[in-house]
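Biologist: Please take a close look at one salt bridge in this model and the residues around it. Then set it beside the other parts that can be described from the coordinates.

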Amino acid sequence: MSSNKKYKVLEMYGLFFIDLAMILLSYTIAYAIRYHQLIHYQQVSLHTIVCLMLMLVCVAYRLLINGDRNFVGRDWVVEFIAVFKYEVAILVVVIFALYFVQQAGEYSRLVFGYFAIINTLLTFVLHQCFKTIMKKYLKSEHAKIPVLLVAEVKNVEKILDNLKQKMPINYAVTAIVLLDGDGRATEVDGIEVIANRSNMLAKVKQIALDEVFISVENEDAASVRQMIRDFEMMGVICHYDLAIAEWSANAKQVGDFANYTVVTYSLNRHDDKRLIIKRMMDIAGGLVGLLVTAVLTPVVALAIKLESPGPVFFSQIRIGKNGRRFKIYKFRSMYQDAEARKKELEAQNEMSSGLMFKMENDPRITKVGAFIRKTSIDELPQFYNILVGDMSLVGTRPPTANEFEQYDPYFRRRLCMTPGLTGLWQVNGRGSVFDFEDVIKYDLEYIDNWSLGLDIKILLKTVLVVLTAKGAK
């Protein structure tokens with residue numbers, strides 16, 4: 001499922017809200033202009049009926065007529081024409097319906113005339129304002145969807161030029177793989193060439209990446225299928241140019257990508273509307289969590305400062321969704337030289353691989369640190385990460401940059417969802433899991449079975465785990 005669809009859902013609901021709100025406002029203003037007063041309470045039900053009819057036709061129009069195609073990209077002239085067509089459609093249908101049921105005489109024609117003018121202008125202005133906000137957001141770094149281009153030397157410039165012109169505004173080709181490259185080309189049109197056929201996987205698994213576009217002519221079907229499987233394993237959405245594609249029974253979706261007809265492959269098929277609700281839950285939870293953090297910070301900060309010198313907050317670069325790097329925040333629970341001493345303690349790592357570090361009675365942890373870790377107070381500053389979108393309330397554990405560098409494609413798939421403050425592993429095996437493969441199993445079980453209900457269940461279990469300090473170290 002394309003990462004861009006969630007922005008389309010936001011756009012759709014935003015336009016729905018604007019159009020419905022403007023109908024109510026415009027009708028109220030039109031009535032006030034005609035009668036020099038607000039709607040009398042004895043006539044509220046009569047005019048409520050016509051407003052509901054207008055809103056119902058508005059909803060039907062939005063659902064049946066794709067009038068908002070390329071909403072963000074179209075200019076003001078095209079936008080005004082689209083709004084005008086919409087306005088004519090809803091008025092014609094509602095007026096015809098009123099005549100059909102012989103109720104048209106109950107309503108002033110002047111009110112409808114004023115409504116048509118006011119609603120057209122207000123809707124157009126609000127659409128333009130909403131478009132400006134959407135454009136600004138989609139051009140921001142936070143909304144950017146990094147795309148890897150896999151191509152061959154002879155066609156790469158042509159394909160890249162077309163992608164730049166036709167891709168949605170928030171898509172950006174950030175890296176290129178030239179399968180038949182000799183390793184000497186370092187960039188194409190300002191975009192870095194990171195690999196060729198021989199070292200593609202080793203390089204690709206280390207970069208921030210949401211989607212891949214493959215357009216190759218001289219690769220055999222078996223090689224392409226293996227390439228697609230490797231990208232799927234990493235949790236990355238893969239688009240394969242159908243102009244040169246061999247039909248595959250494993251294809252998940254046939255569609256369009258920057259004017260190319262493609263077969264899209266993805267192991268993750270989460271509903272975009274539910275993901276938006278998840279994000280709303282994160283924002284609400286982040287705000288509440290930051291209020292709690294603000295209340296506790298003076299006490300925690302004093303305790304940390306009294307025991308050991310150094311900053312109150314600890315920050316570290318972690319790896320987020322699809323390889324994005326972000327700075328995570330915690331209350332400092334270790335001495336200042338903890339990261340330097342970690343190398344000395346690697347031999348005592350209780351995890352069976354070097355992909356995660358866990359140690360009983362870690363000497364780097366202060367006494368205050370042991371308490372705030374046991375009670376999970378050290379994690380409270382991460383509500384800021386949740387609010388800004390680097391993390392979610394529920395997800396997978398974000399690895400350090402050093403851990404991420406050791407991942408193979410299978411391990412990388414655990415990053416195809418936004419990392420979380422808590423997760424399935426934390427509530428089921430945080431203190432008893434000593435094999436990184438088991439951590440991966442919990443994470444992939446969460447990803448493959450994700451639902452809002454599962455998130456709520458994990459949040460409730462997290463409260464119980466925190467209150468009982470189960471598995472805390």
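Modeller: What follows starts with one ion pair and then moves outward to the rest of the chain. The model is predicted, and every value below is computed from it.

The pair to look at is E219 with R197, a salt bridge in which the closest N and O atoms are 2.1 Å apart. E219 sits in the loop between strand 5 (211-214) and helix 7 (221-233), and R197 sits in the loop between strand 4 (191-195) and helix 6 (200-204), so the bridge ties together parts that are 22 residues apart in sequence. The two partners fall into separate accessibility classes. E219 has 15% relative accessibility and counts as buried because the limit for that class is under 20%. R197, at 46%, counts as partly exposed. Beyond its neighbours up to four places away in sequence, E219 touches E152, L179, R197 and V224. The list of contacts thus includes the salt-bridge partner R197 and another glutamate, E152.

The structure holds 14 salt bridges, and some others can be set beside this one. R184 pairs with D182, with the closest N and O atoms 2.7 Å apart. R184 is exposed, at a relative accessible area of 70%. K144 and E141 meet through their side chains at 3.1 Å, N to O. In that pair K144 is partly exposed at 25% relative accessibility, whereas E141 is exposed at 59%. There is also a network of salt bridges that links R74, E79 and K131.

Next comes a nonpolar part of the surface. W76, V77, F80, I81, F84, V88, V92, I117 and L121 form a nonpolar patch there, and their accessible area together is about 850 Å². Helix 3 (76-100) and helix 4 (109-138) each supply at least two residues of the patch. Helix 3 gives the most, with 7 residues. One of the patch residues is I81, which is found in helix 3. At 42% relative accessibility I81 counts as partly exposed.

A helix pair can be described in the same way. Helix 8 (residues 272-307) and helix 10 (residues 367-374) pack at an angle of about 150°, with their axes 9 Å apart. Angles over 145 degrees count as roughly antiparallel, and the two helices are therefore roughly antiparallel to each other. On the side of helix 8 the contact is made by V300, A303, I304 and E307, and on the side of helix 10 by K367, V368 and I372.

Two of these residues lead to R332. Leaving aside neighbours within four places in sequence, R332 is in contact with I304 and I372, among others. The remaining contacts of R332 are S308, P309, G310, P311, V312, F313 and F314. R332 has its place in the loop between strand 10 (325-331) and helix 9 (338-345). R332 counts as buried, at 5% relative accessibility. For a sense of distance across the model, the C-alpha atoms of R332 and F130 are separated by 42 Å, and the two residues are 202 apart along the chain.

Y442 gives another pair of sequence and space values. Y442 lies in helix 15 (residues 436-448) and is partly exposed, with a relative accessible area of 23%. Y442 and T396 are 46 residues apart in sequence, and their C-alpha atoms are 8.8 Å apart in space.

The whole chain gives the background for these details. The protein has 16 helices and 12 strands, and its C-alpha trace spans about 85 × 65 × 35 Å along the principal axes. Of its 473 residues, 48% count as buried; E219 and R332 are in that class. The accessible surface comes to about 23700 Å², and 61% of this belongs to carbon and sulfur atoms. Among contacts between residues at least 6 apart in sequence, 73% join residues at least 24 apart.

To return to the part you asked about: E219 is a buried loop residue whose salt bridge to R197 has its closest N and O atoms 2.1 Å apart.

How values were computed. Residues are numbered from 1 along each chain as its sequence is written. This is a predicted model: local features need pLDDT of at least 70, side-chain atom pairs count only at pLDDT 80 or more; totals for chains, interfaces and linings use all residues. Side-chain values use heavy atoms; hydrogens and water are left out. Helices (H or I, at least four residues) and strands (E, at least two) are DSSP runs, numbered from the N terminus. Buried means under 20% relative accessible area, exposed over 50%, partly exposed in between (1.4 Å probe, protein chains only). Contact means heavy atoms within 4.5 Å. Patches are made of residues with over 30% relative accessible area and no salt bridge: like charges are joined within 9 Å, nonpolar side chains (Val, Leu, Ile, Met, Phe, Trp, Tyr) within 5 Å. Accessible areas come from the Shrake-Rupley method with a 1.4 Å probe; for residues, only the protein chains shown count as cover. A salt bridge is a side-chain nitrogen of Lys or Arg within 4 Å of a carboxyl oxygen of Asp or Glu. Axes are lines fitted to C-alpha atoms, for helices over the stretch in contact, and angles run from 0 to 180 degrees between N-to-C directions. Angles under 35 degrees count as roughly parallel, over 145 as roughly antiparallel, 65 to 115 as roughly perpendicular and the rest as oblique.
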